[in-house]
Structures are given as structure tokens and as C-alpha cells.
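The following exercises are to be worked through with the sequence and the coordinates at hand. Each task is followed by a stepwise solution.

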Amino acid sequence: MGRYLLKRMWHGVIVIFGVTLLVFVVTRLVGDPVKVMLPLEATLEQRAAFEKQLGLDRSIPLQFLDFVGDVAHLDFGDSLWQHRPAMEIVFEKLPLTIQLTIVGIGLAFFLSIPLGIIAALRPGGIVDRTTVFFSLIGFSIPQFWLGLLLIVIFAVKFHWLPTSGIGTPTHIILPAITMGLPALARLVMMVRSAMIDELNQQYVKTGYAKGIPFWRVVGVHAMRNAALPVVTLLGWEVIRAVAGYSVVVETVFAWPGIGLTAIQAIEREDLILLQSIVFTVGIMVVLINILMDMVYTIIDPRLKLQ
Amino acid sequence: MAEATNIEKMLGGRWLDWLQGLRNLGQELWRDKTGFTGVVLIGVLLFMAVAAPLIAPHDPSTQDLRARLRPPVWEEKGTWKHVLGTDHLGRDVLSRVIYGSRVSLLVGTAVVFVAGTFGVVMGLLAGYRGGRTDSYVMRWIDTQVAFPGLLLALIILAVIGPSMITVIIVLSLNGWMVYGRMTRGAVLSVRQTPYVEAAEILGCKGKRVIFRHILPNLTSPLLTLAILEFARIVLAEAALSFLGLGIQPPATSWGLDVANGKNYMFRAWWLVTMPGIAIAITVLAINLVASWMRLISDPQEREKQFARQTTVRRRRQSRRLVSREEAGV
């Protein structure tokens, strides 16, 4: 277990290094960070001073070492937009994104298991076909559009819920639903197909033959075997939510998390803040990946031997 | 002369075979109503994209400030001149939706082509060469898969600046790994089969083995994957355009139009709704086709479906017999 974990962590370090290299190439060699961050009317002296401030007047290998150091310390300097350490902003916004992810994806996960199992009990039946149809619709709807529709219906028309922002606990309902619905659709399909596969296995018949109650055969014996692909997808959904959907959902609902901040950083051409966000979230994703690997070995102890 | 008729016959025969194959496929499609709906919808979309200048009632970027924010025709103030209403600059929403299909389909096709080609080539290389090539390619894929693509896309788009080309590049960069993995896995399993070994023993060069003996076996899973990816890319392009990081005005894109309509959401619901419905229908149609394709390309599923159909037919027949008997009595 320890050796396995060490190997996964080493892989995580490689991933982060690869990303560092890519970001360095894109920002320093393909694009010009000074041109992005300074206004067009900046004088040559201002440009030179700014380059010096960022250390861009040095040779490329030295710049790269600098950059690797920044990544290792997870410190890229002060935000150009808010004039304070960029990491301070990141840690201020991050909890809100995590909160949204936990509520949204958690909702999707707990709904997907009963729905998927019910659909899997009679494949091709009316319940199954309805579930599949709604799942298909669920992951065909663009997320930003779903969010806007929910705002129009529940906030503008019926005045049941606030349109956007944070404050009261009701503020999280609409963004969480928007975040969770596509994930729910994919998870239901996964639970369903994994359960159909398992329920066709011999051990299920054996279980019934031995007189084990129905709910135990389905809920314990089959479910445990079907769990592996479901947990894999769950991990991916969490990663996608933190590092992808958050940008869209938070923009729609003006939820001041890390995704909205990333978009604002792009609008205000604050490359330092953007890099801080990308690397923080990137490291989080790598950690989630390692966590998932650990969960696998708990679900399926055979994996430990390999 | 005789030769010519023979050739004609041969060509005709082949043509007929092909037609027959198409007909069989059509019949199978007709049986699966959801897949049929998907194919029809995609046909309509393709027609919309190709014939946009012919069928769009107005130019998508012509402004008419006197006719701003007109509602669709079925609302109280709607007119037939603007069937789906107009936006805040008086541009015709229906025309913009029609032209928007061009961007979605273009970006989708381009990304599937670029990412698919690159992924398949890398997968073939890794799977066929094996050894060090394989481990390098796989490590590259693992590294890229482990890091969320959107984050990198944000940095790239921020530095290089958004445009249709950047969107295609960014989405291709993020999407090639699935094809690579699938191709490599399939190559590894096909390589062990007797017919590939036979081809190698007969002296086929690597290129011939790959393209004549291995690649044809990958066509149907790769096609299904490409269609699924297409759906994902249409959504991704719309999301990027919505965030202002994709297609830039004055060009039209469904995602961009939703973003524009957002500011007038409370007064003019159709501005957000119409392009959104267009995206949803497109993605739904592609997903329907993909799930149908998965069904017909999987022998096990086909068998199940065949069994199901036979039962239904038998049941129907017996019911008919019973009712006939009842009528006779």
C-alpha cells in the first residue's frame, strides 16, 4: 500500500511538472505576458520596469527555474488586479467552490444510486426507458442554459428563490442543481449499466437460491461489485465540477468562488491570479486522483496485490 | 463490347449491393425510433448549416433598431416578419439560430478530425511499436488525462486570445487522448489474433498490417467514440463562447447568443431560450445516434434486440389469432 501510494504521488509530481512546462511555454514563448497584462498605451520604460519586476529580462532557462520555484512554493506574487497576494484571494474563494461542489455532486450521487438500481431491475422496461431518456436529455442540456432557465422560472417568475449571489442558505439551491444535473444523468447511466451487468451474474442467482432477501442481494452483493466503475465516474465528476463546471455555474449565478474569479482574472488580464488558480486547482485534482486510487483498493482488495 | 457489359454488370451489381446494404441499415434505423429521430434531426441540422443563406429569412447581422426586442410570432406583439423575434439590436433570432448551426458543426467536425487523427496515429504507434514508444505515449496520455483541460484552456485563451482557431486548437489538445487510449487497446488485442500473425508471416510490411488488417477492425468503435465526442465538443464550444472565450462577435454562435440574451433575460425570454434549445436538440440528436450505433455494432446487444422483436411479433400474431377466433365465433 505504501509503495503503491508513493508511486501514485510520484506520478502526481510528474503531472504537475508537465503542466508547469506547458504553461511556461504557452505564457513565455508563444504569448507575451507583458503585452497581455499591461495596457496598450504603456511606454517602453514602463514595459522594461514591468519585465524586470516579473523577472522577464533574464534568460529563458533562468526564468524557467524561477517559474518552477514559484510553482513549488505555490506563490506567484501579487495580483495585478487587487494588489495583494494572489494566493490570499485563491484561499478566500476556494471554500465557496468546494461547498458548491459538495452540495451539487453529493445530491447527484445520492439520487443516482436508487434511480439507477430501479432502472436496472427491469432493463428495457418502461421505468428503464424513461430513466434513460431523461438521462440523455440531462446531459444534452448546456449547463449555462439550464442555470439561466432555472433563474427565470424559480427566481423571476415564482420568486421562490434568489436569482444569484450568496448570503442565505437558499442561495445555494439553484447553482447546486445546475452543477449536479448533468452529473446525475451520467451517474444514473453508469449505475444502471453496472448493475445490469452484475445482476446477470451467477452469484446473484445463487444468492436468491440460498434464500437471501431481495434487497440484500441487490443492495449489498451486486452493489458492492458495481461500485468500482461508479466510484471512478464519481471521482471524475468531482474533478470536472471543481475544475470545469464551476467556471460556468459560478458565472451564471455570480457565485464568488474560484471559477468566477478565474473568468474575472482573464477579463482584467491578471495572469498572476489566473496562474495561481490553475495550479491550486491542478494540485487539488492530482490529490483527488490519489484519493480515488486509495478508495479503489478498499472497494476491491485484489487491486492491492498488483 | 462483351467486356463492357460485364464491367457494367459488375458495377451495377456492386451498386445494387451497396443500395441493398443502405436499405437494410435504413430498415434497422426505422425500427429504432429514437435513433431514427436522431438521424433525421442531424439531417435537418446539416441542411440548415449548408443552406443557411438560402433558408434564413434575414441577414443574421443586419440591425434594425426600430424593431428591437420583438417577441416571437405567437406572442401578442409578434410579427411573421421575425418568426422567433428579434434581439436588442433588432437582429432576427431565427436567422441567427440558423447561422449558428454552422459554427457548432464546423468546430465539432474540425476538432473531431484533428483530435481523432492525432489520437489514432499515436494509439497505433504505441500499440504497434510497443516497448519504449508505448510507455512514453501512455505516460503522456496519463499526464494529460490527470490534469483538467479547461484550466489549461483558460491560460491558453487568456494569452493567445480567443478566436475560432484557438477554440479548435484548445479543444483538440484536450480531446485526443480518448482516441489514443482506445486505439492502443484495440491494437494490442487485435495484434494477437491469428490473421494479423498470418499477415506478418506472409511478409506484410508494418504499414500494410496497420492500415489493411488492424485499422478496419477499429472503425465501428472509433466512429461511435467520434460521434460521442462531437456532442461533447458542441457543448464545450457553446460554453466557451458563452463565457466570452470562444467565438467572438460579429460572428454568430449559439453560446454567444445566449450570453448576449442574458442581459435581456427578464424582458425578452426568447433571446436566451431559442439558441439554448438549438444546442440542446443538436446534442440530444447526436447522443441518440451514438447510442443507436453502439447498439447495432455490439453483437450481443443485437442478439438481445432480435429476441425481443421476435417475442413481440409472436405475441402480436397470437393475439391476432385469438381476436380472429373471437370474431369468427
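**Exercise 1. Fold and dimensions of chain B**

Task: Determine what share of the contacts in chain B with a separation of 6 or more comes from residues 24 or more positions apart, and describe the secondary structure and extent of this chain.

Solution.
1. In this predicted model, residues 24 or more positions apart account for 67% of the contacts in chain B with a separation of 6 or more.
2. The secondary structure of chain B consists of 12 helices and 0 strands. Along the sequence, the pattern reads α-α-α-α-α-α-α-α-α-α-α-α.
3. The radius of gyration of chain B is 26 Å, whereas a compact globule of 329 residues would have one near 20 Å.
4. The C-alpha trace of chain B spans about 80 × 75 × 50 Å along its principal axes.
5. Of the 329 residues in chain B, 38% are buried.

**Exercise 2. Confidence**

Task: State where in chain B the confidence is lowest and where it is highest, and give the scores for the complex.

Solution.
1. Chain B has a mean pLDDT of 82, with 94% of its residues at 70 or more.
2. Within chain B, helix α1 (residues 2–31) has the lowest confidence, at a mean of 68, and helix α4 (residues 93–129) the highest, at 90.
3. Where pLDDT is low, the predicted coordinates should not be read in detail.
4. For the complex, the predictor gives an ipTM of 0.85 and a pTM of 0.84.

**Exercise 3. The contact between the chains**

Task: Identify which helix of chain A gives the most to the side that touches chain B, and classify the residues on that side.

Solution.
1. The contact joins 40 residues of chain A to 32 residues of chain B.
2. On the chain A side, at least two residues each come from α1 (2–30), α6 (126–138), α7 (143–157), α10 (214–253), α11 (258–267) and α12 (271–299).
3. The most is given by α1(A), with 9 residues.
4. By class, this side of chain A has 30 nonpolar, 10 polar and no charged residues.

**Exercise 4. A helix pair in chain A**

Task: Establish how α10(A) and α12(A) are oriented relative to each other, and which residues meet.

Solution.
1. The two axes come within 10 Å and cross at roughly 170 degrees.
2. Because angles over 145 degrees count as roughly antiparallel, α10(A) is roughly antiparallel to α12(A).
3. Among the residues that meet are A:Leu228, A:Val231 and A:Gly235 in α10(A), and A:Met284, A:Ile288 and A:Tyr296 in α12(A).
4. This contact has 15 nonpolar, 1 polar and no charged residues.

Definitions and conventions: Residues numbered from 1 in each chain as written. Chains lettered and ligands numbered in written order. Predicted model: local features only at pLDDT ≥ 70, side-chain atom pairs only at ≥ 80, totals over all residues. Contact = placed C-beta atoms within 7 Å. Helix = DSSP H or I, 4+ residues; strand = E, 2+ residues; numbered from the N terminus. Nonpolar A, V, L, I, M, F, W, Y, C, P; charged D, E, K, R; others polar. Axes fitted to C-alpha atoms, helices over the stretch in contact; angles between N-to-C directions. Parallel < 35°, antiparallel > 145°, perpendicular 65-115°, else oblique. pLDDT = per-residue confidence, 0-100. Rg over C-alpha atoms; globule rule 2.2 N^0.38 Å. Buried ≥ 20, exposed ≤ 12 C-beta atoms within 10 Å, placed from the backbone.
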